[in-house]
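Hello,

Here is the structure I promised to pass on. Please open it and keep it beside you while you read my notes.

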Amino acid sequence: MNVDETDLPGLGRRKDFMAASGRRIGVVEYREGQIELIVSTWDDPDTCEASIPLSADEAATLCNLLGGQHLAMQLSEAHREVPGIVTRQFSIGADSPFDNQPMGKACIRTRSGVSIVAIMREGEVLPSPGPDVLLHVGDLLVAVGTQEGLDSAASILRNG
Amino acid sequence: MDPLALTLIDLGAVVFCLGLLARLAGRIGMSPIPLYLVGGLFFGAGSLVKLEGMHEFAHLSSEIGVILLLLMLGLEYTAKELVTGLRQSWQAGVLDLVLNFLPGAGLALLLGWGLIGAMVLGGVTYISSSGIAAKVITDLGRIGNRETPVILSILVFEDLAMAVYLPVLTATLAGVSFVVGLQTVGISLAVVTVVLVVALRHGHRVSQAVHSENSEVFLLNLLGAALLVAGLASAMQISAAVGAFMLGIAISGATAHSATQILEPLRDLFAAIFFVVFGLNTDPASIPPVLAWALLLAVLTAATKMATGFWAAKRAGIGLPGRFRTGATLIARGEFSIVIAGLAVASGVVPQELAALATAYVLIMAIAGPLAARFVEPLVSMLRRPSKQQAVGTIRGA
């Protein structure tokens with residue numbers, strides 16, 4: 001994907017790319033460090049439909065959502081030949097009993113047969129996390145397993 | 001009454017009125033500059049405020065206002081941005097200079113104000129208001145637009161052009177001979193080059209010299225350095241404003257950013273006094289006779305800025321609506337046109353009518369510019385829609 005980087009003298013930098021839908025999507029990074037998500041209008045790619053200021057947390061969350069989806073899509077692609085295997089994402093909610101707990105404590109593999117293949121956190125990917133990795137609110141867990149296994153993993157993560 | 005008390009009351013009343021005007025400007029979403037000018041004209045006309053007791057103070061304050069305006073203009077762009085901007089957009093910059101300097105210069109010649117008058121009025125019509133343009137771009141949410149870098153790079157070029165123009169203007173106004181004038185131009189070009197090189201290579205050292213974690217120390221360092229450099233530049237006949245501008249360019253990075261924040265309130269105060277004093281010194285009765293000329297000049301130079309922006313945006317591969325937006329955003333003239341006119345009036349070698357014309361012209365452009373930038377878009381899409389519907393109709397028909 002070709003990302004255009006353009007200097008905005010006195011303001012900062014704009015980084016964007018043209019999506020297949022004909023819209024330009026990107027970010028404006030200000031010199032002061034703020035970041036803005038920009039999306040162009042459909043009929044004039046030069047102008048912006050929306051410029052949304054994002055805090056660091058919001059940017060990281062958006063990054064998780066998009067990145068998790070991307071990883072899940074790739075995994076589903078890889079597992080397509082294996083019937084019955086599905087990829088799903090779980091987020092650690094604010095009320096999850098496993099906030100700040102090592103992942104091993106949930107015993108997900110033992111109890112549901114599901115494997116957690118990656119954790120998305122603040123835009124970073126932790127591949128093949130071990131049982132000692134601490135879970136945090138906002139983490140996105142990418143899990144692979146059977147439909148039933150994933151259902152019970154979801155319930156474990158939610159209710160303990 | 002005690003003269004000091006009277007002066008304080010006068011000054012307080014003026015500053016308080018400026019506050020009201022700035023609030024009004026904010027409420028209706030326009031630049032406060034035209035309101036300050038009108039305020040100045042009004043105070044002068046009604047002889048409400050004679051500024052007698054504080055004549056010295058008002059004069060010095062407005063000088064400091066100019067220095068701060070230019071210092072912050074220099075702080076706005078880093079040396080790297082200036083050099084890259086010059087390299088990438090000099091064609092558009094030169095077109096901008098030619099198209100927008102000539103109408104002002106031509107009118108001055110037509111009105112018989114001589115070459116000096118032509119040089120002043122050309123400068124007044126040439127320089128867009130980077131302050132108003134930046135505010136328009138931010139307010140209308142156009143920072144992410146693709147034409148925005150085109151607009152900014154033209155403003156950057158104008159910035160650099162000012163660094164050469166102002167010393168030349170100062171020398172011309174001082175009435176120096178051609179040879180001395182050439183020397184001044186030579187010196188200022190050399191100074192501009194040296195400052196850019198120093199800023200590129202050793203900008204952090206200049207920044208370190210004035211920087212301090214303590215905001216009080218920082219403010220005093222910064223202001224002291226600015227006034228010192230401005231005074232020295234003035235002694236070298238380069239123009240105080242350019243000295244401050246150069247210092248602004250040499251200060252870079254994080255220091256420049258915090259300098260902007262720390263100086264902003266001071267700039268707002270002193271620049272407001274500068275605009276009012278300029279308005280005060282203009283006789284309101286001298287405006288109606290030149291109003292028609294000001295309107296003509298406004299229409300003409302709105303068209304030339306539009307053409308400049310249109311051409312520059314087209315070259316950058318921007319679509320039709322974006323080209324109109326580029327041109328319209330550049331239309332606003334403001335603070336720097338008044339700075340130029342102010343320098344000329346202070347020297348006393350240009351006729352009073354020039355100040356009146358410049359005031360009327362900036363009043364029109366500072367109000368019309370943001371309006372044009374706002375309404376050019378719906379206008380263009382209205383013009384475009386019929387053709388689009390036609391196109392759809394043909395496809396359906398086929």
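Below is what I found, starting with confidence, then the sheet, then the contact between the chains.

This is a predicted model. So how confident is the predictor in chain A, as given by pLDDT? Chain A has an average pLDDT of 85. At least 70 is reached by 99% of its residues. Among the elements of chain A, strand β4 (residues 35-40) has the highest mean, 92. Helix α1 (residues 56-78) of chain A has the lowest, 78. A general caution: where pLDDT is low, do not read the predicted coordinates in detail.

Now the sheet in chain A. It is open and has five strands. Their order is β1-β2-β3-β4-β5, and they pair antiparallel. Which strands sit at the edges? They are β1 (4-8) and β5 (48-54) of chain A, each pairing on one side only. On average, neighbouring strands are turned by 20° against each other, direction ignored.

Look at one pair in this chain. Strands β2 (residues 12-18) and β3 (residues 24-30) of chain A run antiparallel and are joined by seven bridges. Find Arg14(A): its bridge partner in β3(A) is Val28(A).

Last, the contact between the chains. Chain A gives 17 residues and chain B gives 22. On the chain B side, α4 (79-110), α7 (148-173) and α13 (320-330) each supply at least two residues. The largest share, five residues, comes from α7(B). What kinds of residues make up this side of chain B? Seven are nonpolar, 10 are polar and five are charged.

Best wishes

How values were computed
Residues numbered from 1 in each chain as written. Chains lettered and ligands numbered in written order. Predicted model: local features only at pLDDT ≥ 70, side-chain atom pairs only at ≥ 80, totals over all residues. pLDDT = per-residue confidence, 0-100. Helix = DSSP H or I, 4+ residues; strand = E, 2+ residues; numbered from the N terminus. Contact = placed C-beta atoms within 7 Å. Nonpolar A, V, L, I, M, F, W, Y, C, P; charged D, E, K, R; others polar. Pairing = 2+ DSSP bridges. Axes fitted to C-alpha atoms, helices over the stretch in contact; angles between N-to-C directions.
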